[in-house]
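Trainee: I would like to go through this model with you. Can we start with its open spaces and then turn to the helices and the backbone?

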Amino acid sequence: MDWNAFFKVHKDLPREGPGSVDDVLWACELAQVSPEAMICDVGCGPGGDVMALLQAAPEAQVLAMDKHAGFVDTCAKRFAGDLRVQAQTGDMADLPAHPEAPFDLIWCAGALYFLGLDRGLDIMKRALKPGGTLCFSEPAYFTDAPSARATEFWEGHPTQTDTAVSEAVTRAGFNVLGQRRVSDAGWQAYYQPMLARIGQLRAGADAALTAMLDLCAGEAQHWQEVRQDTGYTLIVAQVPV
């Protein structure tokens, strides 16, 4: 992966993964998040979900954390002057040891799978208060017989059915409060700005950047082909009191 080219394509995009305001509000309603909750948006990217989290919990404190400093800088600029939001560079694997932990709610959109599902669930559980809630989206198949193209979409990641993901959450000691697919609108909210950015960068792109532009555009097309078979499943899961 040419990371310089990757981050040139992804620079200043509104979000770094599929999702929507509706996803956040649905999850927070199920979680019955309190207005003054301590929330962590882990793997926050440029902060695309932070405003929706604050809409759900207007007096909350939101720790927005990502491993990539460029995304954290973008998030910090978006919420500069808002004392409710703190943007930090950090590794989600270290979240239980963070000074602000444990949290009332952890929001993790399309990032937990980098840790592996079972390990990620264990880490997030240890970073939550009793009765706290994890809301996360995870790669999943929506059929027991996904197409070969659907399997290829996740590039070797050990993807399970949405039912199997839910069962893993239960085994990890959470109570599943709700589950649904991230909508096509949520995917378009990610891909449409990226495709516009690709169009802007085409003229004058060198070979390395052109290859990355083709790769990212191809991913968007690939999703269109397989969206009936696979995507993200969004789960709201509570730690027992």
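Trainee: Which element gives the most to the lining of the largest pocket?

Mentor: First, the ground rules. This is a predicted model, where local features need pLDDT of at least 70, side-chain atom pairs count only at pLDDT 80 or more, and totals for chains, interfaces and linings use all residues. Residues are numbered from 1 along each chain as its sequence is written, and side-chain values use heavy atoms, with hydrogens and water left out. Seven elements, among them α1, α8 (184-201) and α9 (207-226), each supply at least two residues of that lining; with 6 residues, the top contributor is α9.

Trainee: How are elements and pockets defined?

Mentor: Helices (H or I, at least four residues) and strands (E, at least two) are DSSP runs, numbered from the N terminus. On a 1 Å grid over the protein atoms alone, a pocket is an open set of points with protein on both sides within 12 Å along at least five of seven lines; a cavity is a set where a 1.4 Å probe fits but cannot get out; lining residues have an atom within 4 Å of a point.

Trainee: What is the volume of the largest pocket?

Mentor: Grid points are joined across faces, edges and corners, and a volume is the space filled by probe spheres set on the points. The lining holds 47 residues, with Phe 6, Glu 16, Gly 110, Tyr 113 and Phe 114 nearest the centre. The volume is about 1,300 Å³.

Trainee: How many residues of the second largest pocket's lining come from α4?

Mentor: This pocket has a volume of about 160 Å³. Both α1 and α4 (69-78) supply at least two lining residues each. The largest share is from α4, with 5 residues.

Trainee: Where is Asp 12, and is it buried or exposed?

Mentor: Asp 12 is one of the residues lining the second largest pocket. Its phi is positive, about 65°, although it is not a glycine. It sits in the loop between α1 and α2 (21-31). Its relative accessibility is 55%, so by the cut-offs (buried under 20%, exposed over 50%, partly exposed in between; 1.4 Å probe, protein chains only) it counts as exposed.

Trainee: Which other residue has a positive phi, of about 50°?

Mentor: Look in the loop between α6 and β6 (160-161). The residue there is exposed, with a relative accessible area of 71%. It is not a glycine either; it is Glu 155.

Trainee: How does α8 run relative to α9?

Mentor: Axes are lines fitted to C-alpha atoms, for helices over the stretch in contact, and angles run from 0 to 180 degrees between N-to-C directions. The α8 and α9 axes come within 10 Å and cross at roughly 155°. Under 35 degrees counts as roughly parallel, over 145 as roughly antiparallel, 65 to 115 as roughly perpendicular and the rest as oblique. Therefore α8 is, relative to α9, roughly antiparallel.

Trainee: And what is the orientation of α5 to α7?

Mentor: Helix α5 (residues 117-126) packs on helix α7 (residues 162-171) with the axes 10 Å apart and an angle of about 40°. That angle makes the pair oblique.

Trainee: Which residues does the cis peptide bond join?

Mentor: Go to the loop between β3 (85-89) and β4, where Pro 102 is found. Omega is about 0° at the bond joining Ala 101 and Pro 102.
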